[in-house]
Amino acid sequence: MPPDLPVGIHDLSFATSSLVLTHTELSKHTGANVAKYHTGIGQKAMSVPAADEDIVTMAADAAAPVITRHGTGRIRTLLFATETSIDQSKAAGVYLHSLLRLPSAIRVVELKQACYSGTAALQFAAALVARNPEEQVLVLASDIASYDLDSPGEATQGAAAVAMLVSAKPALVELCPATGLHTDDIADFWRPNYRSTAVVDGKKSAAAYLAAVDGAWRDYQARGGLPLEQLRTVCYHQPFTRMAFKAHQQLTNAAGIKSSNKAIESTIAPTTRYNETIGNSYTASLYLALAAVLDGNDTLGEETIGFFSYGSGSVAEFFAGRVVPGYGDRLRTRAHRETIARRRPIDYAAYLKLREHPLPHDGGMHLIPRQTQGNFRLCGISNHQRLYEVVGPLSA
Ligand code: HMG
């Protein structure tokens, strides 16, 4: 293989859930001034999964257009990143493999490290492709963020899945080889196996995130990373979009650059459009920021974008990617905007009802009525096994 053969993101598609709860509606219940949500944390709405949606159905909706466009012939690996795992043993990607009718000669595995594992999947995929540039890797990052009712984290919930096809000579973004890493064993956010909602110390988690910005940036610079001045913008993991502003303040300080709040706002603004209305989608969040940048501007060819990935617990990585000229022809801007626009607004009572009816654990047969607007749905559970079906146009 030529040493400089570029490897990176060849295609990117995302999907979100079918329902949406606005922060205006949430504030009626919590009594908080809605400005706290809109301005203080930078969130307008949160995607809420319907009863027949989960990480598999969202991931299938994200991946199906990628498979339709590129086929499956070169895909040898499917990496599924999530912290909303549906099984302690079987990888969620195996269900996806069958829903998308992928060939059997594919390795499928699930990865976990809070919100960071989507980036781990991307980097592992790049390494596999560098070893054999004929192969492609399908990376999925799919999550549903869920916090206790009436907790401070509740306003930062969300749900989405991103599918990325990683290949040699990519059409969207070439990954630059230098990366900066930072790991620190810290109890800022975690979810024991017996809980469906995260345990979180919100303030500690924000401080840990900012410390990780410093740590990953230092390592990135020590390993020959680009100076900050050469990055057009930085896509951050966005648990809430205001966090990206704080992170960029931290980064400019760490890089020794003086920058006004206005300049920081305008650098970050192109990255937040999707996350401010979808909410935290954990592993997918960083790549929704990338989708927002690309979909929002088709004149970025040759520009370099920085990425900061953070997963509580914690592991972080700073890296960069060069936007490939001509990428504008390969975007899915319309489909992305549609997946957001078609969500059905629900009121707080409907949201509460969904929260109060988790999937039964009794091993019996339970059918789930159709609610989703997506092409794949969780139609039931039987003998402790999730049952999926293809609906809509793709069922043919
Ligand atoms: P809180 O404590 O209720 O909020 O929840 P607050 O009182 O800190 O207010 C938030 C901001 O709104 C503040 O601004 C207020 O001043 C402002 P700041 O001081 O931060 O700049 N504010 C207003 N602004 C305008 N008008 C108003 C108004 N009122 C207040 N009227 C908290 C905040 C982050 C704690 C909560 O959302 C939370 O617990 N979130 C979950 C944890 C989280 O998102 N942590 C982020 C870093 S960790 C991470 O990113 C990893 C994660 O994604 C998980 C993973 O890796 O898997 C979470």
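1. Start with the ligand's polar contacts (pairs of N or O atoms within 3.5 Å). One ligand oxygen lies 2.7 Å from an N or O atom in the side chain of K36. A ligand nitrogen is likewise placed, 2.7 Å from a side-chain N or O atom of S205, and an oxygen of the ligand is 3.3 Å from a polar backbone atom of P152. On its own the ligand exposes 1,100 Å², and the protein buries 73% of that (accessible areas by Shrake-Rupley, 1.4 Å probe).

2. A word on what you're looking at: this is a predicted model, with local features needing pLDDT of at least 70 and side-chain atom pairs counting only at pLDDT 80 or more, while totals for chains, interfaces and linings use all residues. Residues are numbered from 1 along each chain as its sequence is written, and side-chain values use heavy atoms, leaving out hydrogens and water.

3. Now the shell. The ligand is surrounded by 28 residues, the closest being E83, C115, K203, S205 and K246 (a heavy atom within 4 Å). By type, 14 are nonpolar, 10 polar and four charged.

4. Which elements give two or more residues to that shell? They are α2 (34–41), α6 (202–222) and β12 (304–311), and α6 has the largest share, with five residues.

5. An unreviewed UniProt entry annotates residues 180–251 and 255–325 as "domain: Hydroxymethylglutaryl-coenzyme A synthase C-terminal"; such annotations may be inferred rather than shown by experiment. Residues 180–251 are 43% helix and 15% strand, with end C-alpha atoms 13 Å apart. For residues 255–325 the figures are 34% helix, 24% strand and 28 Å.

Terms used: Polar contact = N/O pair within 3.5 Å; in protein donor to acceptor, adjacent residues only side chain to side chain. Helix = DSSP H or I, 4+ residues; strand = E, 2+ residues; numbered from the N terminus. Nonpolar A, V, L, I, M, F, W, Y, C, P; charged D, E, K, R; others polar.
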